[in-house]
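Here are my notes on the model, point by point. Please read them with the structure open.

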Amino acid sequence: MPPLFLRNVNLVDGRRGVDVLVHDGRIAAIAPGLAVPESAEVVAGEGQLLSPPFVDAHFHMDATLSYGLPRVNQSGTLLEGIALWGELKPQLTQEALVERAMQYCDWAVAKGLLAIRTHVDVCDDRLLAVEALLHVKQKVGPYLDLQLVAFPQDGLLRSPTALANLKRALAMGVDVIGGIPHFERTMADGAESIRLLCELAVERGLRVDMHCDESDDPMSRHIETLAFHTQRLKLHGRVAGSHLTSMHSMDNYYVSKLIPLMHEAEVHAIANPLINITLQGRHDTYPKRRGMTRVPELMAAGINVGFGHDCVMDPWYSLGSADMLEVAQMGLHVAQMTSQAQMRACFDAVTANSARILGLAGYGIEVGHRADFVLLQARDPVEAIRLRATRLAVVRGGAVIARTAPATARLHLAGRPATVDWTLRR
Ligand code: FE2
């Protein structure tokens, strides 16, 4: 493989106008004014942003691209989505699951999304989806890191074979232990499911990522139990609470105790802005709740917060295109994170923060790291979110694996420039 040379790029940490040299798939040098090796493939950065790849901390690849099968979610609610998925499950075939997942991974690569944590439903005794996604994981491995979570969608204790199936899935090679305590029959069963799953994680040396309190009910407080068992079992930094939407409606006094407990246990939080804003608050009239967890408050307390896409064209959500900048943009709006620092934090939520949640080694544009990055048609992270920037080039291990032509438009107006410039130059 010839060396790759990126001339004049900006980096997320604020370095501007540097060159990046890649040798043998690894970043060999980062500095301004580097000499170009003779045989190098040169990419002209022109002051655009070179970012580490996007990372999706929360996704459902077994359901993706199934929109309309066997019918559309009429109410738009989470519970009708779960019921619809239950109708679809017996009709799934491994071929169709693999095909849809592979297509989604193509979309992801084109958008510079090179690491995805996907939950996979284990409440189907055939474990078809587990087999299919393990196959996909292996197929896409050379260019995309897929991490699988064994997810008991119908409840670990509520579904009679869920625990046995979850253990079978782990034995087959699934990476992470999932759960859904708020969907168990009672609060007590929810708490018990957390205890069982966290103890299993210790036994197997695995990470945990639970759908937790995906509800508008402020009394859904399973995150407290998750933080407790994380701390008790010394699983610090290895546990994530996904969704945590009930926190948006919790009493402020209670939250003032809860957030420090989450911080103490080093529990990661994952919000799914596109899905939270559309699925939550469905029983409200007005005022209508926004449905997302307390992202700025969690971040301010030092808790690592990632954003996930959660769904793309499936029983829960009819839109989406593997674009993590769309996710960041929605998160920014829903959380009202409009300061420069907060907007940058939303960019981190779909890159570095989510990489931490997945435990990705060697993530980030540093000398010695594998040369994985995406060149965006924007000069900095805020502009990237604002413009949902075009992914000019996506690089994995030093090889360009996707390119997109720059977004441009020609004007046919007398006295105006021939092309549009969307930047604000000061
Ligand atoms: Fe989810």
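1. Does Thr118 count as buried or exposed? The model is predicted, so the answer rests on computed accessibility. Thr118 has 0% relative accessibility, and therefore counts as buried, the cut-off being under 20%.

2. Where does Thr118 sit? Its place is strand S6, which covers residues 113–121. Setting aside neighbours within four places in sequence, Thr118 touches Phe59, His60, Met61 and Asp62. Leu133 is also in contact with Thr118, as are Leu146, Gln147, Leu148 and Val149. Note His60 in that list. His60 returns in the next point as a ligand of the iron ion.

3. Which residues coordinate the iron ion? Three histidines do so through NE2: His58, His60 and His211. Asp310 adds an OD atom. The distances run from 2.1 to 2.5 Å. Along the chain, the donors follow the spacing H-x1-H-x150-H-x98-D.

4. The iron ion links distant parts of the chain through its ligands. His60 and Asp310 are 250 residues apart. His60 lies in the loop between strand S5 (54–59) and helix H1 (78–88). Asp310 lies in the loop between strand S12 (305–307) and helix H10 (324–334).

5. Are these two ligands buried or exposed? His60 counts as buried because its relative accessibility is 6%, under the 20% cut-off. Asp310 counts as buried too, at 2%.

6. What is the geometry of the iron site? The site is irregular. Angles among the four donor atoms span 84 to 175 degrees. A tetrahedral label would need all angles between 85 and 135 degrees, so this range rules it out.

7. The domain assignment splits the protein chain in two. Domain 1 is made of two segments, 4–52 and 364–403. Domain 2 covers 54–358. Their centres, taken over C-alpha atoms, are 30 Å apart.

8. How much area is buried between domain 1 and domain 2? The figure is about 1800 Å², and carbon and sulfur atoms give 62% of it. Ile385, Arg391 and Arg396 supply 39% of the area that domain 1 buries against domain 2, more than any other three residues. In terms of contacts, 21 residues of domain 1 meet 25 residues of domain 2.

9. Charged pairs also deserve a look. Five salt bridges are counted between domain 1 and domain 2. Arg391, already named for its buried area, forms a salt bridge with Asp323. The closest N and O atoms of that pair are 2.5 Å apart.

Technical notes:
Residues are numbered from 1 along each chain as its sequence is written. This is a predicted model: local features need pLDDT of at least 70, side-chain atom pairs count only at pLDDT 80 or more; totals for chains, interfaces and linings use all residues. Side-chain values use heavy atoms; hydrogens and water are left out. Donors are N, O and S atoms within 2.8 Å of the metal (3.2 Å for Na, K and Ca); water is not among the atoms, so sites may look incomplete. Four donors count as tetrahedral if all angles lie between 85 and 135 degrees; four count as square planar and six as octahedral if opposite donors are over 155 degrees apart and all others between 65 and 115; anything else is irregular. Helices (H or I, at least four residues) and strands (E, at least two) are DSSP runs, numbered from the N terminus. Buried means under 20% relative accessible area, exposed over 50%, partly exposed in between (1.4 Å probe, protein chains only). Domain bounds come from an automatic or database domain assignment. Contact means heavy atoms within 4.5 Å. Buried area is the accessible area (1.4 Å probe) that two parts lose on being put together, summed over both. A salt bridge is a side-chain nitrogen of Lys or Arg within 4 Å of a carboxyl oxygen of Asp or Glu.
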